Structure formats: C-alpha cells, structure tokens
Amino acid sequence: MSTSRRNFLKTGGLSVAALAIGSDKLFAASKSEIYLGIQLYSVRDDMHKDPSGTVKRLADMGYRYVEHADYHNRKFYGYSPVDFKKLLEGYGLNMPSGHVAMLPKDYDFAKNDFADSWKYTVEDAAAAGQKYLVTPWLDESLRKTMSDFKRFMDVFNKSGELCKKSGMKFGYHNHDFEFSTRLDGQVLYDLIMENTDPSLVAQQLDMGNLYNGGAKAIDIATKYPGRFELMHVKDEILSQGKTNNNGGEKYESTILGKGIVGTKKICDIGRKSGGTKYFIIEQESYQGMTPIESSREDYKIMKKWGY
C-alpha cells in the first residue's frame, strides 16, 4: 500500500492438506454467502470529485457492496451516515464494512474508557449500516515494546465488545510492517493474531500489502484458516515507479490475475476454509488505466472466477 495511503489512514483495518480432504463439504461457503465488493479507495479521486456519480458507475458495473475509506468529522465523503446510506441504497448498494484508523488518542487509559471520538465512530458506522468497523493501522508508537503492544490489543478486544453492542464487529486490516516488525523475537502479525479474540476482532487479510513486508499471501492464508472474515482482493507486480507514488516500495497493485499473488487461489482458500465471506477488491496503482476502468476489469475477473 502506498505511502500516501498510509498518511491518509493516520489522519483519518487449516493447512493445505486439510483443505483438500473433505473440507469442501464441511466448510465451503455457498454462493449466497459470498459478498463481492470494492474498497472505495480504489477510486479515491473520483469519489472526492463526484461521490454520487462514482458510486452510480460502480453499481452500473454490477457491484452491490462497497467499503469506505473516508470518514472525517462524522461524515462519509461529505455525507452524514444516514444520508450516505440512502445514497448507496438508491443505487442498490450496501456498505457492510469501512476503514477508520484507531489511534492511541481514541482510548483514555486513565479513565479506562474510549474517547468520545471513537464512540462516535462506532455510532456512525452502525448508522451507515456497517457490519464491520475495521482499523487499517497500528500506530508506530504501539510497535516498540511488548507491553505497549499488548495493552493496545486489549483495547482492540474492548472495541470488539463496544461494536458488538451496536450489532457490529471490530476488525483489523494489515499493511506490510506487521510482517517485517518483531517484538521480543516474534513477528508482529503472529502476535496480533494471538492477542485478539476472534469472537470480537475479525481479521481482514490484505493479500497484496504483505509482499512489501517480505511475506507471501499463501503462507498466511494457510497458517490461519478460518480467521479471515474479510479479504482485500489484490494482485501485485514489481513497482513501475512512475505509475504511482508508492514511496519506493518494491511492489504495487495491478489488475487481478496479472501479478504474483495467485489471487484466485487465495480467495478460494478463504472461501473453502469457512472464514471468508466478504471479498473486497482494492487496486491502488493502475499502469496506464483509469481507476474506473481497472475497477470494471477487476469485477469481471472476479465474476469469471465464480465470485
């Protein structure tokens, strides 16, 4: 994920063998349980210029679900939660999930309670019709010591309890640092998985971001079967440099099926493991295509793959 996306977030979440032995019958999600959507960050410039026209174009392509990445001053893309929900519903769209970075300021350890800013965030997510409120960031200050990290994982679980009261689930979405950072010799992502309660904190696997952290999606998907209720569906190629401001990262996203991720295989593992129902397309770099063109092509590919 690009540096600009990171700054945006700061300011604004079974083994292979087991899968092969009868798991299709035991765990396979039916087609009716699969939700194919798009992360609106994929068309971020279009959304900022013309949110209504952009979501209409996505709906006309066939999309029925979107995930937001723009919540500021209690508004989504300039709309109140209720008004944005109405806008989406007018085009036959729903928004089951959305990204808002939970930062250290959102929890008051002295009072042992969430700040009003986070309480409002949960309230507004519920009003917009979300089922998942996902934080796509872990502040750098929380990655330095094991004690600070674990204390904030407790906050993650508490946020899950808070969301549950509003009929939602809290979630976490990875970038790349989770796989290149270690605390006391342990990989940060493993620590996140170990210290969050699956009944309270859903995991959204971004199958592309982790390559810049030295990990492979296939390894993570098979290491944690059933843990990924949501996935960011993405593919990656070696960075083209001039195609996006990716902060010098080795890989950038591309049209599904064109890169190194093995996107369909990862989606199929998530689907068959019984964990993943929400498949959210995200493309941040476009290699000469427009974001809208890329979104249309990605949708067609996912439908061809049976999603």
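Two strands count as paired if DSSP finds at least two bridges between them. Helices (H or I, at least four residues) and strands (E, at least two) are DSSP runs, numbered from the N terminus. The model is predicted: local features need pLDDT of at least 70 and side-chain atom pairs pLDDT 80 or more, while totals for chains, interfaces and linings use all residues. Residues are numbered from 1 along each chain as its sequence is written, and side-chain values use heavy atoms, without hydrogens and water.

Start with the whole protein chain, which has 13 helices and 16 strands.

Next, select β1, β2, β5, β8, β9, β12, β13 and β16. In that order they form a closed barrel of eight strands with parallel pairing.

Keep β9 (residues 169-173) and β12 (residues 201-206), which run parallel and are joined by four bridges. Phe 170 stands opposite Val 201 in β12. Add helix α10 (residues 188-195), which packs on the sheet and touches β9, β12 and β13 (228-233); contact means heavy atoms within 4.5 Å.

Now turn to the nonpolar cores, sets of buried (under 20% relative accessible area, 1.4 Å probe, protein chains only) Ala, Val, Leu, Ile, Met, Phe, Trp, Tyr and Cys residues joined through side-chain atoms within 4.5 Å. The largest has 84 residues, and Leu 138 and Met 302 have the most contacts inside it. Select helix α8 (residues 146-165): it gives the most to this core, seven residues. Then centre on Leu 138, whose contacts include Phe 149, Phe 152, Tyr 172 and Leu 188, not counting residues up to four places away in sequence. Another core, of seven residues, lies apart from the largest; select Tyr 132, Ala 202, Leu 230 and Tyr 278 among them.

Notes: Axes fitted to C-alpha atoms, helices over the stretch in contact; angles between N-to-C directions. Buried < 20%, exposed > 50% of the residue type's maximum accessible area, 1.4 Å probe, protein only.
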